[in-house]
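Let's take a walk through a protein model together. Have a look at the sequence and the 3D view, and then we'll go through the details one topic at a time.

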Amino acid sequence: MVFRAVLACLVTVLAGGPGAVAGDAPSSFTNSPATATGRTPSGVTVTVSKTMIGRTRVASAEVLPASTWAPADEFLVPADAKMTAGFLDLYEDFADRPGRWSDVATLTFTFSRPVRDPHLHVFGTGGLSRDPGVGRDDYWPAIDLVGGTPAKPVLSAAAGFPGYRVTADSIEPEEVRPVETTTCGVVYTCGTAKVNGTVTAFTIRLSARDVRYGPGGPGPQLWAAFKLTLAEDDSDAPASYGAASHAITDSFLGASVTADHPDAVSLVPRVVSADEDDAVTGSPAEITVRDRTGTLAVPVRAGSPSYVTGWIDADHDGRFGTDERATAKVDKDATTAELRWSLPETLRTGPTWMRLRLAAQATALPTGWADSGEVEDHRIQLVRAADGTR
């Protein structure tokens, strides 16, 4: 009889407890023996293509639901990464080699946008096959990073992985040995690995090391469970302007972009109290208005074709209106975007707020998620042209 109790325990741990459901959370996965497809809260999608090695087959392909109330997990960064969805597979029939390693499968994660430094959350990956009173096999896992696009990234440990070492290209047990019981850190590996780099895809290989007891269990099996979270940049203007959040990709405003809220996942856009914004200089920066027209040259780093959209609160009402918006298309490798506003008659000079959003598609709204780029908020000074025209 194959030992299945591990599955019930594993699903409870991953989902955050009995009854945890995704609800209307904008994070989801579908899963099949060949492919898993997921969506992050920001709208980036990821497709996971599974290639079996040798006679390996996927005996079970399940979805790990997003759990909006799961407790913090000490093995993960962000600690609430269980709030996002993921997938869980059971691999069987790979080569059964007591005391040796066997390759099981390769998984290629492909993103709809280039993403920077994705976090791969590994849950209870490992295996156990037992015939009660007869024998058992423990299958210690290894995860090797074997490729990436446009270039192979580098792994680093962000959290967890007790009993395992994380190198630039692998997650592997520090010691493979007979054990009395199995849990995270003993046979199973649990933790968060940062995939360092800006990638559109990366590939891992799953392997298993068999430790046999007596005549062994009924057959080889390896559970593999994963979730993903992405680096995020958030707005920081006063609350009346609303919240905007972007998945950080290969294009951004200014010279650099820094991830916000690195220790917590959110399913809704959010703000920070202050941000390291660098697309506009001055304290506050001045924008000169002539005949209700204002212009601004915005420095950018465009790894992909993008759009920059800017809003100026010209009437000082604490909101960004549709008539306060300007948009410019940005070609790949461009370094500047030219914004030109035709501001409403209600404009007032003096201090106010401006929001800039760079994304792969033109952004109609000043708030909400974007699956790429960066958002910056700046305190600015509207001034009239020196010749006295409006």
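Is Cys190 buried or exposed? Cys190 is buried, with a relative accessible area of just 5%. Keep that residue in mind, as we'll come back to it. One thing to know before going on: what you see is a predicted model.

## The big picture

Start with the fold of the protein chain. There are 26 strands and one helix in the chain. If you draw a box around the C-alpha atoms along the principal axes, the box comes out at roughly 95 × 40 × 30 Å.

How much of the chain is tucked away? Of the 390 residues, 54% are buried. The chain exposes about 15700 Å², and 51% of that area comes from carbon and sulfur atoms. Now think about which residues touch. If you take the contacts between residues at least 6 apart in sequence, 77% of them join residues at least 24 apart.

## Charges and salt bridges

Next, the charged side chains. The protein chain carries 48 negative and 35 positive ones, and the centres of these two sets lie 4 Å apart. Searching the whole structure turns up 19 salt bridges.

Here is one of them: Lys82 pairs with Asp73, with 3.1 Å between the closest N and O atoms. Both partners are out of the way. Lys82 has a relative accessible area of 7%, so this residue counts as buried. Asp73 is at 12% relative accessibility, so Asp73 is buried too.

## Bridges across the sequence

Now for a pair from far-off stretches of the chain. Arg212 makes a salt bridge with Asp96, and their closest N and O atoms are 2.9 Å apart. This pair links distant parts of the chain: Arg212 is in strand β14 (residues 198-213), while Asp96 is in the loop between β5 (86-92) and β6 (101-116), 116 residues away in sequence. Arg212 is partly exposed at 33% relative accessible area, and Asp96 is partly exposed at 34%.

Strand β14 turns up again in another bridge. The side chains of Arg205 and Asp103 meet at 3.8 Å, N to O. Arg205 sits in strand β14 and Asp103 in strand β6, 102 residues apart, and this pair also links distant parts of the chain. Arg205 is partly exposed, with a relative accessible area of 27%, and Asp103 is partly exposed at 38%. There is a network to spot as well: salt bridges with shared partners join Asp96, Asp137, Asp210 and Arg212.

## The disulfide

Back to Cys190, as promised. A disulfide is a covalent bond between the sulfur atoms of two cysteines. How many does a search of the whole structure find? The search finds one. The disulfide joins Cys184 to Cys190, with an S to S distance of 1.9 Å.

The torsion about the S-S bond is about -70°, so this disulfide is left-handed. The two ends have their own surroundings: Cys184 is partly exposed at 26% relative accessibility, whereas Cys190 is buried at 5%.

## Backbone details

Look for two cis peptide bonds. The bond from Val77 to Pro78 is cis, with omega near 0°, and Pro78 is in the loop between β4 (57-64) and β5. Another cis peptide bond joins Thr149 and Pro150, where omega is about 5°. You'll find Pro150 in the loop between β8 (135-149) and β9 (154-160).

Which residues other than glycine have a positive phi? One of them is Val187, with phi near 75°. Val187 lies in strand β13 (residues 187-196), and its relative accessibility of 0% makes it buried. His261 also has a positive phi, of about 45°. His261 lies in the loop between β18 and β19 and is partly exposed at 28% relative accessibility.

## Out on a loop

Finally, find Ser283. This residue is in the loop between β18 (251-253) and β19 (285-290). Is Ser283 buried or exposed? Ser283 has a relative accessible area of 78%, so this residue counts as exposed. Now compare its place with that of Leu88: the two are 195 residues apart in sequence, and their C-alpha atoms are 51 Å apart in space.

Note on methods: Residues numbered from 1 in each chain as written. Predicted model: local features only at pLDDT ≥ 70, side-chain atom pairs only at ≥ 80, totals over all residues. Heavy atoms only, no water. Helix = DSSP H or I, 4+ residues; strand = E, 2+ residues; numbered from the N terminus. Buried < 20%, exposed > 50% of the residue type's maximum accessible area, 1.4 Å probe, protein only. Contact = heavy atoms within 4.5 Å. Areas by Shrake-Rupley, 256 points an atom, 1.4 Å probe, with all protein chains shown as cover. Lys, Arg positive; Asp, Glu negative; His and termini not counted. Charge placed at Lys NZ, Arg CZ, Asp CG, Glu CD. Salt bridge = Lys/Arg side-chain N within 4 Å of Asp/Glu carboxyl O. Disulfide = S-S within 2.5 Å.
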